[in-house]
Amino acid sequence: MVLLALFLLHQGVLPVVAWFLPQLETWFYDFAVFGIYRTQEYVTYPLSGPQGAVLRQDERCDKGLVFIAPYGDSVEEEGPVILDSQGNLIWSSNEYGVATNFGMQQYRGENYLTFWAGDKNGGQGRGELYMLDSKYRVGHEVHAVGQGLGADLHEFEVSKDDTALLTVYNTTRGDLRGLGWWRSEDGWIEDSLFQEVDIATGELLFQWSAMEHFKPDLSYYWTPTGGYVRTIPYDFFHINSVEKDSKGNYLISARHFHTITYIHGTTGEIIWVLGGGERFNQFEDLSDGLATAFSWQHHARWFSEEEGIISIMDNGYAGPMQTSSTYSRAMLVQIDQVKLTATHLQSFGSLGHTKAASQGSVQRLPNGNVFVGWGSAAAYSEYLQDGTLLCESHFAASWSFSWERAKSFRTYTSHDWVGVPEYPPSAKIEGNRLFVSWNGATEVKFWQFEGLRNDLKDGLPINDAAFDSIAIVAKQGFEESMELPPGEQFTRFRVGALDGQNQLLRYSEHVQRSQSAGASRSGIVIGICASVASVIGVWYLLVVWKRRKPYARVFEWVPMKAFFGRDQYRYDMLEVER
Ligand SMILES: *[C@@H]1O[C@H](CO)[C@@H](O)[C@H](O)[C@H]1NC(C)=O
């Protein structure tokens, strides 16, 4: 009874209250009054878009496009999504399925949308790395190199040398006796590899394996089940980021070691290890432990190589059994690679001090701001480098964050993406309105709605000049619409996409007002046809099909005689026997 009352309150009363009190909208959003992952439907586009909530805004935010790849049990259409700074949909695709690492990167001077897609299996994946060009076509694909190996979901970095860095998880065997619990000398281990691959040729340029450098029983990851059988290997290292720096060395993050390791670019030798407690850390912490105490972290990157500053997503948490912090933070650590000292510069927590049990990202923006994706928590935030939180958006209800029903592995932002799709804008008339959208077109600033006048005689060729402009509407959301002019003055319509200089980018196909009377008339015709067809169908089943097929015996127990008379029935039986 109480549960029912709460349910009715949540799903019946609160939405009405939310409608009357729009200023409480974000509060209701985070309380999942509109569902855990609220979406928006469109007339001219078959997929829905995430309808997020902007919790905090500031003029000093970068306001670029936002690249997320929502997935999880509450997300129906998983895949890469581009939003504008207000959360409006710019582009989405469900062609690739679940995706991670979605963002924009440069390769040979061109911008590409880059992401991983494939089979996700718990905390890792086997798939491919995709690079889409400005027309949203696959320009390049990158694969892991080696028998039975697949590109893992954790990394896809295009280096300054125009190569791809990717991670690979490989199940192999090794000594796990150090873990206890009767594990064997020949246990099952998940090795963490990373590869550098030539994008143009697919050639393997470099490979590094964690097992070749570290003993698995040094891991901080505790599990009662891992290591006994092939299907549940012990994931001792859990590599989750790789970056190549200007010296040609690699910076990698290992979640289950709590370490950031710097690796020599040609020999693969370990140059230093930051973090990981007394088992691994080689740095003197000049900030009372704050600089090196990160744990279960993600996404280690050089924030400034010259100044020796590294950015880290310090999750500090990996579920109730493995927790070392009350909330997750992005952090900046400055290191001295000669003296081996580390200084904590700044930490960045989310508005609600979100605990992100996994995933997440930290990006340095061109204006110096820090952009943070909260991974398993469907939120992203922007900060000044001094730690001031400027902007924050959620794309699922914060109330549900710990269930991870909608998340994005990383979240990036950029101003530089220019998308010009191969296909034209999509226009459609519904009711008395003409709708238009153009999935992926970043340059549209205005929509020009046009109509073809009725007095043009049938049979005359329709040229561009024959259309009259009816209205120009500024593009705000993904889809805009216009009320059709009354009467029969125009016979058909089209919509032109205009850029910021009012230059035409492309026209939609022509659309016509559907004749509502005609529609209902054809509805009646379809109805009559359907009734006739079903009568014929039933007759066919009972009489013709029953007679022709040997399995007519199925009908024996049916009182057929009542319908067809005894003779008919006997005749059927004879047929069957013959
Ligand atoms: C992957 O694991 C297999 C054993 O299952 C091993 O033979 C192979 O060498 C490993 N590959 C790499 C690249 O380490």
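**View 1. Residues around the ligand in this predicted model.** The ligand is surrounded by Leu149, Asn170, Thr171, Thr172, Leu193 and Gln207. Each has a heavy atom within 4 Å of the ligand. By class, 2 of these residues are nonpolar, 4 are polar and none is charged. Leu counts as nonpolar, while Asp, Glu, Lys and Arg count as charged. Strand β12, residues 163–174, gives the largest share of this shell, 3 residues. Strands are DSSP runs of E with at least two residues, numbered from the N terminus.

**View 2. Polar contacts to the ligand.** A polar contact is a pair of N or O atoms within 3.5 Å. How far is a polar side-chain atom of asparagine 170 from an oxygen atom of the ligand? The distance is 2.4 Å. Threonine 171 uses a backbone N or O atom, 2.9 Å from an oxygen atom of the ligand. Taken alone, the ligand exposes 360 Å² (Shrake-Rupley method, 1.4 Å probe). The protein buries 49% of that area.

**View 3. The protein chain behind the close-ups.** The chain has 6 helices (DSSP runs of H or I, at least four residues) and 36 strands. Of its 578 residues, 50% are buried (under 20% relative accessible area, 1.4 Å probe, protein chains only). Its accessible surface is about 27,800 Å², and 53% of that belongs to carbon and sulfur atoms.

**Notes on the model.** Residues are numbered from 1 along each chain as its sequence is written, and side-chain values use heavy atoms, without hydrogens and water. In this predicted model, local features need pLDDT of at least 70, side-chain atom pairs count only at pLDDT 80 or more, and totals for chains, interfaces and linings use all residues.

Technical notes: A polar contact is a pair of N or O atoms within 3.5 Å; within protein, one must be able to donate a hydrogen and the other to accept it, and residues adjacent in sequence count only if both atoms are side-chain atoms.
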